[in-house]
Amino acid sequence: MQAARSLTLKSEMEIEPFELSRHLAAQGYHSSSVVESPGTFAGRGGTMDIFPPTLAMPVRLQWYGPFIERMRLFDPDTQRTSGDAESVVLPPLSEIPVDEARFASVTDEIHELCLRQDVPTHKIRDFLDGLRLQRWVVGLGVRRFLPVFYHDYPPLLETLPQDALVLLI
């Protein structure tokens, strides 16, 4: 589920900073003025800082036109760079995609599911308003609707490699 939404960045890769910002926001990263903690990103001019949760240090990207010219790790406390990075994997922060296209369709589907379950209209409205205001922040009960996000996702065992060892306890 999450592997398909991960993005690997490399030097000389062509990607516009605005598109990368949109991708990061859709994967649950939070925009901030200074990157100091995992799951945040900040952009200014031709530079973007990103702190993936899989790295001990954030990475600073520098662009030349639409191309990533350089990627360097940096200390989040001092903001000083410490060395080059050849590639960086940006995993999603949540299994729930928060892109705008899904937001509208999933909201409608959740509304319909709640109506079919005889959930009172005022509770549906309060829940969906909370989702809209929080932009799908996980923890508001949205995980119970995870199947709505993945209609075409195959069962777990079909996603594993052929030689995977499955241990049932």
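This is a short walk through a few strands and loops of one protein chain, to follow in your viewer. Keep in mind that the model is predicted.

**Stop 1: strands β2 and β3.** Start by selecting residues 30–31, which form β2, together with residues 40–44, which form β3. These two strands run parallel and are joined by two bridges. For a closer look, pick Ser31 and find Phe41 of β3 standing opposite.

**Stop 2: the β3 and β4 hairpin.** Keep β3 selected and add residues 47–51, strand β4. Here the pairing is antiparallel and spans five bridges. Show Thr40 and you will find Phe51 of β4 opposite. Now move to the turn: two residues sit between the strands of this hairpin, and Gly45 has a positive phi near 60°.

**Stop 3: Gln79.** Next, go to the loop that links β6 (67–74) with β7 (81–84), and select Gln79 there. What is the sign of phi at Gln79, which is not a glycine? The angle is positive, at about 65°. That deserves a pause, because most residues other than glycine have a negative phi. Gln79 has a relative accessibility of 24%, so Gln79 counts as partly exposed; the buried class would need a value under 20%.

**Stop 4: Asp118.** Finish in the loop between α2 (100–116) and α3 (121–134), where Asp118 lies. Asp118 is not a glycine either, yet phi is positive here, at about 60°. Is Asp118 buried or exposed? With a relative accessible area of 69%, Asp118 is exposed, because that class begins over 50%.

Key: Residues are numbered from 1 along each chain as its sequence is written. This is a predicted model: local features need pLDDT of at least 70, side-chain atom pairs count only at pLDDT 80 or more; totals for chains, interfaces and linings use all residues. Side-chain values use heavy atoms; hydrogens and water are left out. Helices (H or I, at least four residues) and strands (E, at least two) are DSSP runs, numbered from the N terminus. Buried means under 20% relative accessible area, exposed over 50%, partly exposed in between (1.4 Å probe, protein chains only). Two strands pair if DSSP finds at least two bridges between them.
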